[in-house]
Amino acid sequence: MSKEFIAACRKFGGRAASLVDARETYSSMSQEYRDFVPESVFTELMMEPSKGTFMMHDYEGGGVSGIKSGATQFAGVRVNMELEPVDIPIDCYCKPNLDRLPSLEAVLITRISPLHCLKNGVSEFDFFKMINEEMSLPSTCNGGYNSAGYDDVMSRSGFFANLLPVYDREWKDGNTRWDFYRVAMAYYALRPDGITWPEGKGDSPVSMKLEDIAAANDIVQENSHNAVDDVFAMIDVCRLFMRANRKLWDYLYINRTKAKVQSFVNHSLTQSQPLLYINPYAGASNRFTTVIMPLSCPLGDKNEVSFIDLRGDVDKLIKTPPNLVRELLFAKKEDLESSGEERPCLGKFKVNQIPLVIPFSVLRDEDSRERLGVNMSVLKGAIEKIQSNLSELECTTMEVYRNQQHGDDNPYVEDQVYSAGFPAKMDSDALLRIKNMTTDEIAQSPMSFYTPILNKLQDRLICLHSPEVAGEERMAEFKEECKVKLSSPKDERVTISEVKDGLSTHENSEHEHVKSLVADYREYLGWLEDALG
C-alpha cells in the first residue's frame, strides 16, 4: 500500500489542487511511486479529485465461502477513470488464524500455503485495517470480478470480525461498488462486437471466466488464481470493454448505484414497463438476460424487489397455489429435473447489491431483440396477464417469500456479519478509536461496548493477536475453543483430520508444486498443533 498517496489526497482535503501544488506534491513522492505513476496522471487527478478512482481488487481465500473460508491474499491497483494506475499496487498476505484452516483444494488452486502466509503475511486485523483504509478513500469505486458474490462478502466479513466499519466504504464520501463480471455479461448481451468471446464447456456457448476472456483476447496472465495477476488481467479486460464500446461502459457506470436501480424500478412500476435484468442465473443460452416485470409488494426487506420473468410460464404461476410455488422455487435442480417440473418464473433481487437492471428501452433495434430471443408479442401478452391478475400474484409472492430468513445462521461470532445487526449508536466513538489503535493497545485498554457481540469480537481479537496480554487462563480457554472448531465444528469449516487425509492423498503427486504445497501444509499443521498445545 502507498501510504504516501493517501497522505497526498488528504493534504488537499478533497479540494482541487493547483497545477503548481500538484507538481510540487508529485516531486515529493518516493522514487518508487514516480517510476510507476507518470506526473501527468497524478497532477490531473489532484486537480480534479471529484472524478474519483477505481480500487480494482481481488482476494484469494481458503475456500469458496467469502464468510467462512478466511482471506489468504489481497491485491489492489488504484486507477483513474481511464483505467490508468494512480498508485503503487498492493500485494499483501494474511496470517492464518488459530481457529480456521484453508481447504487443501483451495491451497492447490491458488498455490498459497498457510505456511507461506504465516511467514510472509500480516495479522488479520492489520490486513483488513489496511484494506478498509484504501477502500474508504473518498470518491472510490471499489470494483472486482464477481466481487458481489465473493470479494464484497470477504470484505464485509473481515471488517466485521475485526471491529472495522462494515459498510461505510460502499456509500460514504461518494464511494460506490461495481462488479465487472456483470459488466462482461452486459457486453455479451448488448454490444458483443469488438470482443473475442471464449467458448464455454459442455453446452455453454461462452465462458465468462476472467482468465478465459483474457486469453481469448491475447491478454497475458501469468498465474490465474493469484490475486495480483487477476487484478492486472481484470484491468486489461475492462480496457478491452471500454475500447469496444465506450458509450455502453459509461452508461453502465452511471447507472450502477442503488439510487439509479431504484429509480428504474419505480418508473417500471408506475408505467408498467418491463426491465432488462442481467443475471448470471439466466444462463449463457439466454445471454444472461431476463426480461422482468417488478412487483410492488413488500417482502420484509426494504431493499428487496420481487419480479416476474416475462419469458416464463405466467399462466402456470397464476394457477399454482403459493405453497407449491414456494416448494418448486427453492427445489434443487436435480429434483426438478426428475419430477419434470420447471422453476416458477418468480424471483427477487436487492437494489443495494449492485444488480445490473436497466430499462427495456435499451433494446431499440430488432437485431438486439433477436440476439436475446425477445418476442415482443409474448412479452405484451405476459404483461397483460400480470396486470389482470396483479393482486393475486402479489399475494402469492408475499406468501412465497414470507418468513424467508434475512442474514445468516452461522454459529461462530466472527461469521455473523449479516445476522448481528448494526451496532448501538453509543458504540460509535469506541469503534472509531479502535480503527486507529493496534491490537496491543486494544488489549491494554479494551472497550466496554453496549452491543454484546462487539465485546465477544474484541475478546477474540485480543486472544488471536495479543495472547500475552490476554492472560494464561483466558488463552487456555481460547485454545480449547479453537481445538473444537478444528476437530468437530458446528458448521462446514475445514477440520484437521480432513486436511491430513487430503495431504496423504497428494503427497506422492508427480507435480513438484503439489508436493511442495503438501510439505508446507504439513509443516504448518505441526506449528498449529504446537501453538494449540
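1. Cavities in the model. In this predicted model, the count comes to 3 cavities of 30 Å³ or more. As general background, rolling a probe the size of a water molecule over the atoms shows where empty space is left. The points below concern the largest cavity and the second largest cavity.

2. The largest cavity. The volume of the largest cavity is about 150 Å³. Its lining is made up of 14 residues, and those closest to the centre are Ser69, Gly70, Ala71, Pro96 and Asn97.

3. Elements and residue classes around the largest cavity. Two elements, β2 (71-79) and α6 (114-120), each contribute at least two residues to the lining of the largest cavity. Sorted by class, the lining of the largest cavity holds 7 nonpolar, 4 polar and 3 charged residues.

4. The second largest cavity. The second largest cavity encloses about 100 Å³ of space. Its lining consists of Trp178, Asp179, Arg182, Leu252, Asn255, Arg256, Ile354, Pro355, Leu356, Val357 and Ile358. Within this lining, the elements that give two or more residues are β5 (176-179) and β10 (356-359).

5. The share of β10. Which element supplies the largest share of the lining of the second largest cavity? The element is β10, with 3 residues. The reader may locate Leu356, Val357 and Ile358 among the lining residues of this cavity.

6. Residue classes around the second largest cavity. How many residues of the lining of the second largest cavity are nonpolar, polar and charged? The lining divides into 7 nonpolar residues, 1 polar residue and 3 charged residues.

Notes: Residues are numbered from 1 along each chain as its sequence is written. This is a predicted model: local features need pLDDT of at least 70, side-chain atom pairs count only at pLDDT 80 or more; totals for chains, interfaces and linings use all residues. Side-chain values use heavy atoms; hydrogens and water are left out. On a 1 Å grid over the protein atoms alone, a cavity is a set of points where a 1.4 Å probe fits but cannot get out, and a pocket is an open set with protein on both sides within 12 Å along at least five of seven lines; lining residues have an atom within 4 Å of a point. Grid points are joined across faces, edges and corners, and a volume is the space filled by probe spheres set on the points. Helices (H or I, at least four residues) and strands (E, at least two) are DSSP runs, numbered from the N terminus. Ala, Val, Leu, Ile, Met, Phe, Trp, Tyr, Cys and Pro count as nonpolar, Asp, Glu, Lys and Arg as charged, and the others, Gly among them, as polar.
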